[in-house]
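Biologist: I am new to this one. Please show me the model, and then I will ask about it.

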Amino acid sequence: MKVSDLVEQLQLRIFAGQAGLGREITDGYVSDLLSDVMGNAPEGAAWITLQTHQNVLAIASLKEVAAVILVQSREPEEDSIAHSNREGIPLLGTDMESFACAGRLYMLLKTD
Amino acid sequence: MALFTKKYIIDADNSLSYGQASSNFKKVLKLLGIAPPIIKRTAIAMYEAEINTIIHGGGGTAQVVIEDDHIKIMFEDHGPGIADIEQAMQVGYSTASHKVREMGFGAGLGLPNIQKNVSELKIDSTPGKGTKVTIRIAL
């Protein structure tokens, strides 16, 4: 599934990183612990988190995740937006909390 | 003769740009055509060590060397050092500050993550003087 498809299906906001909307989402990961994401997030994941600072994008880039989804209506910091645009990794947002967002993502990815 | 060497300055004052050395070195490895699984492992290990150098060491340096058969990265800081390295290696053990933890760091996973991804991890530390961490990844 492409990031743009997920945006449409879950009605996500696009904060930045539009250039990466064609990236392929092959998995998902939910975590607010950055070392956990470094250690365990799969490549191509849509990463669901409530962390909004720039380090999230540094990790997203190093791990080559497909997109970052900020939950609970959180807004990214300005540096995060710049970093997302620089790396072409979409920074998305939703009013859902992590559980609901992950559930929706799971249904879309794993039940095709 | 090394294929590539570079010394990165890891600046602890620029807290919003953690991971710059790792990001840059990952690009270098890609340009050199290093195999993607090696690049991933190196990037993870280097990022974790870079973060440690910042949040525990107060900043320092990372010297990278690419040889024919391995990548070596030496981190050096002049922070408080590690009194008990065995304890520091344990999953979940951390001395990170509340502020650092709020950012999602300091979960006690950094050193174990490094260990998992490298061929060799060596830590030399003198409490009160600083820490040297050397990682080697076989090619």
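Modeller: What follows deals with the interface and the salt bridges. This is a predicted model, in which local features need pLDDT of at least 70, side-chain atom pairs count only at pLDDT 80 or more, and totals for chains, interfaces and linings use all residues. Residues are numbered from 1 along each chain as its sequence is written, chains are lettered from A and ligands numbered from 1 in the order in which they are written, and side-chain values use heavy atoms, with hydrogens and water left out.

Biologist: How many residues of chain A are in contact with chain B?

Modeller: Contact means heavy atoms within 4.5 Å. Chain B contributes 23 residues, and their partners in chain A number 22.

Biologist: How many salt bridges cross the interface of chain B and chain A?

Modeller: A salt bridge needs a side-chain nitrogen of Lys or Arg within 4 Å of a carboxyl oxygen of Asp or Glu. One joins B:K40 to A:E43 at 2.4 Å, N to O, and another joins B:K26 to A:E64 at 2.8 Å. For the interface of chain B and chain A, the rule finds 3.

Biologist: Is B:K26 buried or exposed?

Modeller: Buried means under 20% relative accessible area, exposed over 50%, and partly exposed in between (1.4 Å probe, protein chains only). A:E64, its salt-bridge partner, is partly exposed at 21%. At 8%, B:K26 is buried.

Biologist: Which residue meets A:R13 in a salt bridge?

Modeller: A:R13 is partly exposed, with 32% relative accessibility. Its partner is exposed, at 56%. The two side chains meet at 3.4 Å, N to O, and the partner is A:D95.
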